[in-house]
Every structure is written in C-alpha cells, then in structure tokens.
There are 2 protein chains.
Amino acid sequence: MHITRTADYGVRLMTRLAMAAPGTRVTVAELARASHSTIAFTGKIMQRLVAARLVISHRGFEGGFELARSADSISLLDILTALDGTLCLNQCVPGGPGCEQAATCGTKAVWARAQDALTAVLGAESLDKLAASGAS
Amino acid sequence: MHITRTADYGVRLMTRLAMAAPGTRVTVAELARASHSTIAFTGKIMQRLVAARLVISHRGFEGGFELARSADSISLLDILTALDGTLCLNQCVPGGPGCEQAATCGTKAVWARAQDALTAVLGAESLDKLAASGAS
C-alpha cells in the first residue's frame, strides 16, 4: 500500500511551484532539475496536473507553469487524487467499486475508518505549509 | 494506494478462523467457500499466513487450519503486514527504502504522520472484534 512514483514526484513539483514568487512561471526544465527527475517524466506529470486544474500552463517565450490557485487552498490530498485517482484503500470503501459481500462483512467499517484517518491527515496538509517546510 | 486482493481475502480468512469454536480446525475447502474464493487462491494465502506464524496448519484426516494465537492478540495490521509486507506509504517513511532527498524534503514528515494515522487504526483493530462484527 503506497503512493505511486508519479504522485511522489508530483508533490515535489507542486511544492516547487508554491515556492516560486507570485506571478512567476517555472519552466519544465527548472521543475525537472528541482525534483531531480527527467524532463520527459516531469512533463507527463505536469500535463496531468494541468488536466486536474491544479496548474496552469503558459506557452511561448516566457511560458512555464504556475499554480492555478493559491497554495493554501491546495491540499496534499488534492494532488494525490489528481495523480493516483480517488484514494481507495479497499474495494468496499465509499468511492470504491464495491464488493458483493459488503452487506454481511464487518471489515468494511474498519477500512472506512482507516481511510478516513488517512484522508484527514492528507486533506489538512496544505501546499503552502509544505513549501514553508522547505520541501523539494 | 490500496491493499492487495491477497490481503483483502486474507483478512476474511483470518476472520473465519477467529469465528470457529476453540480447538476447531477449518479445512481449506470450507475457508474457500466462506470467503467466496477458489481453493487454489485460498491455499496460497493460507501458506503465507502459516509462514508468518499467524496460523497453524494440521495435516491428515482431521487436519485443517487454526489461529496460532488468540484472536484478541492479532491485529488487522498484523495480517496486512504478513501478506502485503510492512506498510510503507512512501519510500521516505521509517521502514521504507529511503530517498536521497530526505535531508532537505519537508514532505517526509507528512507521509510519516499519514502512515502513523493509518497504522494506529489498523493496529487497534483486533481480529476478535472483526469476528464479533460478523465479518466474512
């Protein structure tokens, strides 16, 4: 049970954007350098963050990426959901595909509680706090 | 981020064993039936639970499986760890393979907190409670 490499790097990239001065656009090359990754992998992640409307992409000579909204309104959970899909510890939790044994299974309540505990921590952690911690 | 199908069924199988009368041995066929799975898949999971010393296997005419210790001393986290390995939300958390950027990365503290929240719920849920909930 772990986050994907895409989500791990996505959080670093979003944090780098949050650390940029307001109005600044950060190029994919700079993002790749800051996250110690390749331009190709960084570009793919940025495309997904743009599609999720967490990031805006500007083309052209002074192009680059910037956050689509303020860092204090973006949580770690928002980023994970954008890149790994809705967090779903097991098939039976709310948002999952469901399980035919759910009606008689006592375990589903535990999975739901575990998921609630996890999403509470991730949802409460805003990107501005991560940036202030010097995340890279 | 989700548990494996093996762990999902493993929890059901352990719960079925916890629901058996003390001293009773449950056959792989009965376990497969109770968990709505195949005998082959059930057998593989049981082998891993035996290897993790959570279950004892008895051979012969009156053979079958039983819990290796009392259900109140086995947690959901014990079962997940036996089947999915040590819970490790990201590479940088304690027990993970590590990350070369850990020294300067502010995100690792958040992953550690999220993992702590998750393991607290899973570690506090004992198998006897699951069995009392009628889990199957």
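This passage describes helix H3 of chain B and the aromatic pairs of the predicted model. In this predicted model, local features require pLDDT of at least 70 and side-chain atom pairs count only at pLDDT 80 or more, whereas totals for chains, interfaces and linings use all residues. Residues are numbered from 1 along each chain as its sequence is written, chains are lettered from A in the order in which they are written, and side-chain values use heavy atoms, with hydrogens and water left out.

Helix H3 of chain B comprises the 13 residues 39–51, helices (H or I, at least four residues) and strands (E, at least two) being DSSP runs numbered from the N terminus. Its end C-alpha atoms are 18 Å apart, in agreement with the expected span of 18 Å, which is 1.5 Å times one less than the number of residues. Within this helix, B:Phe41, B:Thr42, B:Gly43, B:Ile45, B:Met46 and B:Leu49 are buried (under 20% relative accessible area, with exposed over 50% and partly exposed in between; 1.4 Å probe, protein chains only). Just after the helix, B:Arg53 takes a positive phi of about 65°.

Over all chains, the structure holds 2 aromatic pairs (ring centres of Phe, Tyr and Trp, the last by its six-membered ring, within 6.5 Å; planes under 30 degrees apart stacked, over 60 edge-to-face, the rest tilted). The rings of A:Tyr9 and A:Phe41 have centres 5.6 Å apart and planes at 75°, so the pair is edge-to-face. A:Tyr9 is buried at a relative accessible area of 11%, and A:Phe41 is buried at 17%. The rings of B:Tyr9 and B:Phe41 likewise form an edge-to-face pair, with centres 5.6 Å apart and planes at 75°.
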